[in-house]
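This report goes through a set of computed contacts and backbone features, one region after another. The sequence and the coordinates come first, and the discussion follows them.

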Number of protein chains: 2
Amino acid sequence: MISSDLPFDLHALKVFLQVCEHTTMAGAARRLGITQSAISQVISDLEHRLGVVLFDRSMRPIGLTASGALLREHALILTTEARRASIRLQELQRGRPNLLRVGIIDSLSRALLPPLTRFLRERAERSVILSGPTESHYAALLGRQMDLIVGAGDLEDMNGLECWVLLEEPYVLLYPATKPYPDGPKALQEINQYMPFIRFSARSRIGQDIERYLRRLRLELRYSLEFDSPFGVTSACMDGGMAITTPLCMLECGEAVPHFRCMALPGPPARRQLTLIVRKGELGRLPFDLVQTLRQHLRDSVLQRLRHFCPDDAKFLKVPATRVPDHG
Amino acid sequence: MISSDLPFDLHALKVFLQVCEHTTMAGAARRLGITQSAISQVISDLEHRLGVVLFDRSMRPIGLTASGALLREHALILTTEARRASIRLQELQRGRPNLLRVGIIDSLSRALLPPLTRFLRERAERSVILSGPTESHYAALLGRQMDLIVGAGDLEDMNGLECWVLLEEPYVLLYPATKPYPDGPKALQEINQYMPFIRFSARSRIGQDIERYLRRLRLELRYSLEFDSPFGVTSACMDGGMAITTPLCMLECGEAVPHFRCMALPGPPARRQLTLIVRKGELGRLPFDLVQTLRQHLRDSVLQRLRHFCPDDAKFLKVPATRVPDHG
DNA sequence: ATAAAACAATAATAAATTCTTATACTGTAT
DNA sequence: ATACAGTATAAGAATTTATTATTGTTTTAT
């Protein structure tokens with residue numbers, strides 16, 4: 001055996017956990033189908049390596065020391081993580097994950113939930129699908145509480161992540177169809193004197209994007225209403241107001257907004273990307289297949305429906321062409 | 001060797017990672033000070049156990065397969081977690097953690113940050129101290145991103161946590177000193193007609209507590225302002241208003257509020273506990289020592305200062321007596 | 001109190017494993 | 001084609017891990 005900086009092996013931890021559970025070494029030995037002596041040696045070796053006393057032998061049944069309790073915590077984490085790793089490998093091998101935890105951004109959930117669900121039914125034993133803001137999903141993906149997310153954002157830091165663009169869409173101005181269209185950023189500010197601007201909360205990605213856009217144009221729009229959800233923004237506009245939103249956010253709200261139109265922004269154009277992100281290599285070709293499916297659905301179904309909402313801007317939506325994957 | 005459901009040992013993972021890093025088995029062998037043959041055997045054994053091909057040998061240098069990439073992710077997690085476990089045990093042994101990540105609830109941070117910092121300087125190599133809402137700290141503690149938190153709340157679910165009460169304080173009514181004191185819950189509702197009630201956001205624990213309290217009394221107070229922070233609530237009161245808060249929240253805001261008083265609630269009393277929570281067994285006697293220090297500081301310094309803010313209610317604050325610890 | 005029972009530690013030995021050496025094989029480059 | 005660096009495999013040596021047998025504890029029953 002080579003010298004190792006690793007202080008123990010999983011086998012030793014397994015034995016240790018079994019002793020913790022039975023509270024006796026003899027019991028653990030029976031359970032594991034080996035002799036009590038072997039257990040005793042493993043535990044004593046573990047104690048020597050770690051330089052720590054794990055059990056208090058001055059009583060029967062033997063008791064865990066504070067160090068033992070601490071090691072137990074870590075041992076549980078390590079062994080379950082090890083088993084999980086092996087399960088993941090089997091899943092990758094068979095191409096059919098046992099449990100797939102998916103996060104999808106609110107503003108795409110109506111548009112993509114049906115094809116996503118259909119796909120997952122085929123390709124995963126079980127699925128959990130959560131809607132919400134991309135920020136929290138992103139953290140969950142990194143923290144391994146999620147396996148795949150559909151969200152907004154350019155593919156900033158790519159630490160071990162794989163990222164596909166599903167669709168690129170413009171930000172648009174949602175504005176009463178009856179009123180004259182503001183012919184520039186300045187006009188927008190003037191109109192804002194009597195027509196309130198409805199904001200996306202800056203806690204959401206889309207809100208931050210819009211805020212940055214307005215700041216770049218040096219526009220200070222007054223507002224009193226602010227929403228987390230596309231639906232909130234749109235419905236507030238109907239009660240009198242205007243907003244910057246996107247075609248998909250409009251679709252998300254359901255029915256068309258009467259007497260309102262979506263139009264290109266009066267200033268320079270702004271766009272956002274909606275992407276599918278997974279941890280690299282963990283799901284084999286499943287992400288690629290899913291991207292293909294979702295893009296197809298976006299082209300076939302979503303773009304069609306969008307013509308009703310944003311006739312002018314549907315043509316600015318871009319769904320990337322699908323190429324063959326790198327890995328066979 | 002006993003038969004094991006664990007699919008590999010940490011030693012094998014270490015070898016595997018070394019091969020990943022060098023991209024050649026021979027290089028990994030040199031690095032590890034063993035022969036290339038041994039490496040080859042370990043890898044091949046690992047592949048057989050997992051039923052997976054980890055490297056693509058049809059090229060030089062050999063390449064990671066998708067399965068290999070996946071295993072690499074998990075292997076990194078496992079080996080770092082294993083090393084961390086050993087470090088934790090050493091820390092517990094020596095009683096001086098290398099890095100202690102502490103979360104403290106906003107409403108105690110002024111009161112306790114000084115003695116907390118002094119303590120940590122002595123008892124930890126490095127410390128990270130974050131202020132914020134207990135909810136997120138609690139999750140971080142469970143997720144092992146934090147090691148110790150000072151927060152609000154009774155010790156609900158005790159899954160592997162150790163919990164000490166630092167202090168118990170009453171909820172009080174912050175009310176103009178010049179006006180007649182409301183002599184019952186009903187009076188409060190009448191006064192609310194012309195004096196606004198300032199709310200703690202229901203996202204915070206304290207806000208939820210207050211909301212529950214009012215609901216129990218069937219009081220429907222009108223409000224238009226709502227804050228996350230004790231300071232926000234208090235300063236809003238100064239501009240005209242009343243609120244339910246706690247003595248420590250008042251202290252947190254700094255100076256005394258002129259022409260205002262803190263008084264017992266007109267209805268039945270309500271209290272909250274502020275507690276110190278750690279994962280059980282991981283920090284030895286450090287939490288106990290810290291509790292002792294903090295309680296002492298609360299008695300000696302904080303209760304004194306509170307008499308200026310809430311002369312009537314300081315006597316209702318309770319700092320539990322400190323007993324000897326269970327473990328030597 | 002004493003004996004019995006159940007458990008844990010240790011020494012010596014057997015079994016299994018993991019290394020090394022030696023050699024044959026494979027992919028890449030000159 | 002041949003050399004070269006790398007990889008796989010067989011066989012034996014070294015090391016590790018388990019077993020048996022025995023002794024020493026702690027608890028429980030008499």
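## Contacts with DNA strand C

A polar atom in the side chain of Gln36(A) is placed 3.1 Å from a base nitrogen of DNA strand C, in what is a predicted model throughout. Two side chains of chain B also reach the bases of this strand: an N or O atom of the Ser37(B) side chain is 3.0 Å from a base oxygen of DNA strand C, and for the side chain of Gln41(B) the corresponding distance to a base oxygen is 2.9 Å.

In total, 21 residues surround DNA strand C, and the closest are Ala26(A), Arg57(A), His11(B), Thr35(B) and Gln41(B). Of the atoms of DNA strand C that come within 4 Å of the protein, 58% belong to sugar and phosphate. The surface near DNA strand C draws at least two residues from each of helix H2 (25–32) and helix H3 (36–50) of chain A, and likewise from helix H3 (36–50) of chain B. Sorted by class, the surface near DNA strand C consists of 8 nonpolar, 9 polar and 4 charged residues.

## Contacts with DNA strand D

Around DNA strand D there are 22 residues, of which Thr35(A), Gln41(A), Met25(B), Ala26(B) and Arg57(B) come nearest. Sugar and phosphate make up 60% of the atoms of DNA strand D that come within 4 Å of the protein. Two side chains are paired with phosphate oxygens of this strand: an N or O atom in the side chain of His11(A) is 3.2 Å from one, and a polar side-chain atom of Arg57(B) lies 2.5 Å from one.

The elements that contribute two or more residues to the surface near DNA strand D are H3 of chain A, together with helix H2 (25–32) and H3 of chain B. A base of DNA strand D is also approached, since a polar atom in the side chain of Gln41(A) lies 2.9 Å from a base oxygen. By class, the surface near DNA strand D comprises 10 nonpolar, 9 polar and 3 charged residues.

## The interface of chain A and chain B

Chain A and chain B each give 42 residues to the contact between them. The size of an interface is often expressed as the accessible area that is lost when the parts come together; for chain A and chain B the buried area is about 4100 Å², with 67% of it on carbon and sulfur atoms.

The count of salt bridges between chain A and chain B is 2, and in one of these the side chains of Arg144(A) and Glu73(B) meet with a distance of 3.2 Å from N to O. Across the interface of chain A and chain B, 11 residue pairs are in polar contact, with both residues at pLDDT 80 or more. On the side of chain A that touches chain B, helix H1 (10–22) and helix H4 (66–94) of chain A each supply at least two residues, and the largest share, 20 residues, comes from H4(A). That side of chain A divides into 19 nonpolar, 12 polar and 11 charged residues.

## A buried aspartate in chain A

Asp147(A) is located in the loop between helix H6 (134–142) and strand E5 (148–152) of chain A. Its relative accessibility is 2%, and Asp147(A) therefore counts as buried, the cut-off for that class being under 20%.

The side chain of Asp147(A) is in polar contact with the side chain of Arg88(A) at 3.1 Å. Leaving aside residues up to four places away in sequence, Asp147(A) touches Arg88(A), Leu99(A), Leu100(A), Arg101(A), Leu141(A), Ile277(A), Val278(A), Arg279(A) and Leu283(A).

## Positive phi angles in two loops

Most residues other than glycine have a negative phi. Thr23(A), although it is not a glycine, has a positive phi of about 65 degrees; Thr23(A) is found in the loop between H1 and H2 of chain A and counts as partly exposed because its relative accessibility is 34%.

In chain B, Arg218(B) has a positive phi near 55 degrees and is likewise a residue other than glycine. Arg218(B) lies in the loop between helix H8 (205–216) and strand E9 (225–227) of chain B. With a relative accessible area of 70%, Arg218(B) is exposed.

Notes
Residues numbered from 1 in each chain as written. Chains lettered and ligands numbered in written order. Heavy atoms only, no water. Contact = heavy atoms within 4.5 Å. Buried area = accessible area lost by both parts, 1.4 Å probe. Salt bridge = Lys/Arg side-chain N within 4 Å of Asp/Glu carboxyl O. Polar contact = N/O pair within 3.5 Å; in protein donor to acceptor, adjacent residues only side chain to side chain. Helix = DSSP H or I, 4+ residues; strand = E, 2+ residues; numbered from the N terminus. Nonpolar A, V, L, I, M, F, W, Y, C, P; charged D, E, K, R; others polar. Near = heavy atom within 4 Å. Buried < 20%, exposed > 50% of the residue type's maximum accessible area, 1.4 Å probe, protein only.
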